[in-house]
Structure formats: C-alpha cells, structure tokens
Amino acid sequence: MNILVTGATGKLGTKVVETLLKSVPAHQLAVSVRQPEKAEHLRARGVDVRHGDFDRPETLETAFQGIDRLLIISTDGDNETRIRQHTNAVNAAQRAQVGFIAYTSLANANESRLALAEVHRVTEEAIANTGIPYSFLRSNWYLENEIGTVQAVLAGAPWVTSAGTGKVGWALRQDYAEAAAAVLAGDGHENTIYELSGPLMTQEELAAALGAVLGKDVPVQQVDDAAYADIMKKAGLPDPLVSFLVDIQRGIREGSLEIESNDFEKLLGRPVTPIHDALAQLVRDLKGTTH
C-alpha cells in the first residue's frame, strides 16, 4: 500500500507525515512537495520525495503515479487560486488512477456560509464526481489559529472578539494530523465524511481556560465587526487578512462552527487533547520562541 501526502513540508503535512512514520514503513510513504530540497530530511529517512506543484498539473500526475491512498491538503491563497489548484490535484489523481482520496475540508462545508467554504464545497464535489472512494476530513478550527490573540493577551491586551456567544470546536493541529493519518493508514473509510470538532466553547470560555493556564484573569472585549476590523488594522494586519478574520468572527457568531460530533474520538481512539493542556502547550511554544 503506497500512501502520498501533498504539502508535506507545511504545518499540517509535517505532522501527518511524522504520525504516519510511526505506523507505516517509510518505503510505503511518498510526499509531493513544490520544493523537494525542503524534504531532504524525509528522503534521508526512506520516504519517496516527489515533485508536485499544484500550479503545474503535469507534475502532480507524475507525483501521484502508483499511489493507493492520497491525502490532498488544502492550499493557501484566495478562493479562486485554491479552487484552481485543488481542481488540478483532483484531476491529476483521477488520471493517475489513485485508489482513494482523503481531503482536508472545512466544518459543514456543503452548507457553511463562511466565505472560505466555497473552496471546500467545490473541491468535495470534484472529488465525489471522480468516482474514486474518498474521505472528507472536515476541520472545525485549529487552536493555533488563535496564536495572534494569545500573543496579544501575553503582552497584556484583552481577548478581543466580535464572535459574541458563538461556539467553536477548537483542537490542536496535531489532533487533526493524527486523525488524517488514521484515515490514510486505516481501513473502512471509503466514502466517509468526518466532522472533526473538539468540545464546543465560546470565546469567553476559551479566554477563561487561557486565564487558568496563565494564572491570571483574561478580560474579554466584545466588539462589533467594524471595531474588530479597526483593531486588527491597527495591529498591522493587511486588509485581505482583516476581511478574512472579520468573516470568521461573523461566521462563528452565526453558528458556522457550532458542530457537535464525536468523529474525532472515533478516529483518534482517544479524546481530543483537553483545552487546558492544548493551551498550555501553545503558551509554552510561544514563550520558547520569544526567548
């Protein structure tokens, strides 16, 4: 059985590959990366490093040859770019006659009103239309997405949000990586959709959990979307990112990420990393990088 992970030098891909290497022989594992020289450390461990560029479909078709189980990790960029790149990857997988496609999607992708959901909706449809067995790994929200806010709190700022009482199923990127690895290396995942959501919490509850980790009170500043955008711009964030973040805050407020599911536990064979432990790890990592 040959497994291939795209974007294997990215933040999620790195963790997926490391998890797979604990249970899958290196010679059964391949990675597709835009810059193979960045994956020399994997080649040294016996992993098959292949050149695959989502903007050059011919490289993907070559990279996906002889692959039984493929993980397409969603790319970064605006919606138009991502849809083009994902479509390239799906078409290449079909031409290479890949046996199974797992794809990192978004919570409730087919119905979500979040602006970034369109990418995932289109990609899921493209994969389903190939007729290749698939598994859609619908990620709720990485706890790491809150690093900017956590850093601001560490610097003495309040927890700023316009998400109101909307709930999110935060989980660590490591948990998402282990769930993906379980699907790639396991059996019985054909034509499945997994809603990967941690225990649901409001911004206030997350801030309180962070306060418990830090041993101090973390005040929450609830603002409207316009004020939130203004605060983010003053923090130096570029306009496209500010628009993206405001859309997420609005989506959370409207319940876009409020999805209850125990699919995570099913795939991990354990509970998601408890939020206090996850936040403590995040804070340790942040403090480690500042000294």
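Helices here are DSSP runs of H or I at least four residues long, numbered from the N terminus. With that settled, the predicted model can be taken from the end of one such helix outward. Helix α8 is followed by Gly215, whose phi is positive, near 70°. The helix itself covers residues 203–214, and its 12 residues should span 16 Å at 1.5 Å a residue; the end C-alpha atoms sit 16 Å apart, so expectation and model agree. On the buried side of the ledger, α8 contributes Gln203, Leu206, Ala207, Ala209, Leu210 and Gly211. As background, an α-helix has 3.6 residues a turn, so residues three or four places apart point the same way.

Helix α10 tells a similar tale. Its 15 residues, 239–253, should span 21 Å at 1.5 Å a residue, and the end C-alpha atoms are 21 Å apart, which agrees. Buried residues in α10 are Val242, Val246, Asp247, Ile248, Gln249, Gly251 and Ile252, with Asp247 and Gln249 sitting in that list beside Val242 and Ile248. The cover over these buried residues includes helices α8 and α9 (225–234), along with strands β7 (141–142) and β8 (159–161). Just past the end of α10 comes another glycine, Gly255, with a positive phi of about 90°.

Glycines aside, a positive phi also turns up elsewhere. Most residues other than glycine have a negative phi. Asn108 is not a glycine, yet its phi is positive at about 50°. This asparagine belongs to the loop that links β5 (100–106) to α5, and with a relative accessible area of 23% it counts as partly exposed. Asn191, also not a glycine, has a positive phi of about 55°. Its loop runs between α7 (173–185) and β10, and Asn191 is partly exposed too, at a relative accessible area of 48%.

Next in sequence is Thr192, part of strand β10, which takes in residues 192–196. Thr192 has a relative accessible area of 15%, under the 20% cut-off, so it counts as buried. Setting aside neighbours within four places in sequence, Thr192 is in contact with Tyr134, Ser135 and Phe136.

For a residue out on the surface, there is Asn129. It lies in helix α5, residues 117–130, and is exposed, with a relative accessible area of 66%. Asn129 and Glu254 are 125 residues apart in sequence, and their C-alpha atoms are 31 Å apart in space.

Stepping back to the whole protein chain, the secondary structure comes to 12 helices and 11 strands. The radius of gyration is 19 Å, close to the 19 Å that the globule rule gives for 291 residues, so the chain is as compact as a globular protein of that length. Along the principal axes, the C-alpha trace spans about 55 × 35 × 35 Å. Some 52% of the 291 residues count as buried. Among contacts with a separation of 6 or more, 75% are between residues 24 or more positions apart.

As for the surface, the protein chain exposes about 12900 Å², and carbon and sulfur atoms supply 49% of that area. Charged side chains number 27 positive and 38 negative, with the centres of the two sets 4 Å apart.

Definitions and conventions: Residues numbered from 1 in each chain as written. Predicted model: local features only at pLDDT ≥ 70, side-chain atom pairs only at ≥ 80, totals over all residues. Heavy atoms only, no water. Helix = DSSP H or I, 4+ residues; strand = E, 2+ residues; numbered from the N terminus. Rg over C-alpha atoms; globule rule 2.2 N^0.38 Å. Buried < 20%, exposed > 50% of the residue type's maximum accessible area, 1.4 Å probe, protein only. Contact = heavy atoms within 4.5 Å. Areas by Shrake-Rupley, 256 points an atom, 1.4 Å probe, with all protein chains shown as cover. Lys, Arg positive; Asp, Glu negative; His and termini not counted. Charge placed at Lys NZ, Arg CZ, Asp CG, Glu CD. Expected span 1.5 Å × (residues − 1).
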